[in-house]
Amino acid sequence: MAIPGREEIRSALSGYIETPGARALGAIGLTPNAITIIGFAVCVLSAILVGNGWLLAGGLVFLAGGGLDMFDGALARMSGKASPFGALMDSVFDRLGEAALFVGMGFYFLTAGYNEGTTLLYVVILLLALVFSQGVSYLRARGEGLGAFTRDGLMTRTERVIILGCGLVADGLIGFPLIPWILLGIAIVSCITLFQRLFTIKELLEKGG
C-alpha cells in the first residue's frame, strides 16, 4: 500500500476536517476575519503559558490555535467572502502568532534557571529557528507576488506548527528539555527548505520569462 503524500493528506484534511469545521464555525456566526483574530489570540495565550513554564498546556493551546488557521480561508471561500485583504490579514496574523510563541519560548529559556552558557545556546538556537522559519514563509509570499506560486519544501508552516506543539507537549510531559533540540531541527530543515523554495521560485520565474 502506497504511503500518502503531502497533497493527499491535505486533501483528506480538507474533506474531513477543514470543510465541516468551517461550516460549523460559520453556523455560529463567526466570520473568516474573526476566526483569524481568535486564532492569533489563542497563539498569544499559548506564548504566555509557555513563557511561564507551562509547556504542556502551552503546546496544546498552540495546536488549537494552529488548527483554527485551517478554517478561516475555507469559510471565506465557502461564504463568498474571500478577498485580497482577508488573505493578507490571515498571512500577517499567522506570522505574528508564530512569532509570539517564539517570544514565549525565549522568555522561558531566560527564566528557567539554566546556566549562562546553556541559556545562550538555547536562545541562539531559538533565533536561528525563527529566522529560517520566517524566511521560508517570506519566500512563499514574495514568490507569489512575482507570480511564482509554490509550497515546495520539507518544512512548511503546517509541519512547524505540528512539530512545535507536539514538542512542547512532550517536553512538558517528560520534564526533559526537548524543545531546544526540536528547535534546532526546525532551524536546520527550514534552512534547507528556504533554499529549496529559492531555487524552485527561480525556475518558475525563468519559465515564466
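Residues are classed by relative accessible area as buried (under 20%), exposed (over 50%) or partly exposed (in between), with a 1.4 Å probe and protein chains only. By this classification Arg157, at 14% relative accessibility, is buried. The structure is a predicted model, in which local features need pLDDT of at least 70 and side-chain atom pairs count only at pLDDT 80 or more, while totals for chains, interfaces and linings use all residues. Residues are numbered from 1 along each chain as its sequence is written, and side-chain values use heavy atoms, with hydrogens and water left out.

Salt bridges were assigned where a side-chain nitrogen of Lys or Arg lies within 4 Å of a carboxyl oxygen of Asp or Glu. Five salt bridges satisfy this rule. In one of them, Arg157 pairs with Asp69, and the closest N and O atoms are 3.1 Å apart. This contact joins distant parts of the chain, with Arg157 in helix H6 and Asp69 in helix H3, 88 residues apart. Helices here are DSSP runs of H or I with at least four residues, strands are runs of E with at least two, and both are numbered from the N terminus. Whereas Arg157 is buried at 14%, Asp69 is partly exposed at 22% relative accessibility.

Glu98 and Arg160 form another salt bridge, with 2.5 Å between the closest N and O atoms. This pair also links distant parts of the chain: Glu98 belongs to helix H4 and Arg160 to helix H6, and 62 residues separate them. Glu98 is buried, with a relative accessible area of 0%, and Arg160 is likewise buried at 0%. Asp69, Glu98, Arg157 and Arg160 are linked in a network of salt bridges.

A salt bridge within a single helix is formed by Glu144 and Arg140, with an N to O distance of 3.1 Å. Both residues lie in helix H5, four residues apart, which is about one turn of the helix. Glu144 is partly exposed at 31% relative accessibility, and Arg140 is partly exposed at 33%.

Aromatic pairs were assigned to rings of Phe, Tyr and Trp (its six-membered ring) with centres within 6.5 Å; planes under 30 degrees apart count as stacked, over 60 as edge-to-face and the rest as tilted. Five aromatic pairs are present in the structure. The ring centres of Phe109 and Tyr122 are 5.4 Å apart and the planes meet at 55 degrees, so this pair is tilted. Phe109 is in helix H4 (residues 84–111) and Tyr122 in helix H5 (residues 116–145), so that the pair links distant parts of the chain, 13 residues apart. Phe109 is buried at 0% relative accessibility, and Tyr122 is buried at 7%. Tyr122 also pairs with Tyr114: the ring centres are 5.1 Å apart and the planes lie at 85 degrees, so this pair is edge-to-face. Tyr114 is partly exposed, with a relative accessibility of 26%. One aromatic cluster is formed by Tyr108, Phe109, Tyr114, Tyr122 and Trp181.

Helix H4, which carries Phe109 and Glu98, has 28 residues and reaches 41 Å from its first C-alpha to its last, close to the expected 40 Å. The expected span is 1.5 Å times one less than the number of residues in the helix. Just after H4, Gly113 takes a positive phi of about 90 degrees.

Surface patches were built from residues with over 30% relative accessible area and no salt bridge, like charges being joined within 9 Å and nonpolar side chains (Val, Leu, Ile, Met, Phe, Trp, Tyr) within 5 Å. Areas were computed by the Shrake-Rupley method with a 1.4 Å probe, and for residues only the protein chains shown count as cover. Leu56, Leu60, Leu121, Leu173, Ile174, Phe176 and Trp181 make up a nonpolar patch of about 700 Å². Helix H3 (55–79) and helix H6 (157–174) are the elements that give two or more residues to this nonpolar patch. Ile174 lies in helix H6 and is exposed, with 55% relative accessibility.

A disulfide was defined as a pair of cysteine sulfur atoms within 2.5 Å, and the structure holds zero disulfides. The cysteine sulfur nearest to that of Cys43 belongs to Cys166, 14 Å away. Cys43 is buried at 3% relative accessibility, whereas Cys166 is partly exposed at 41%.
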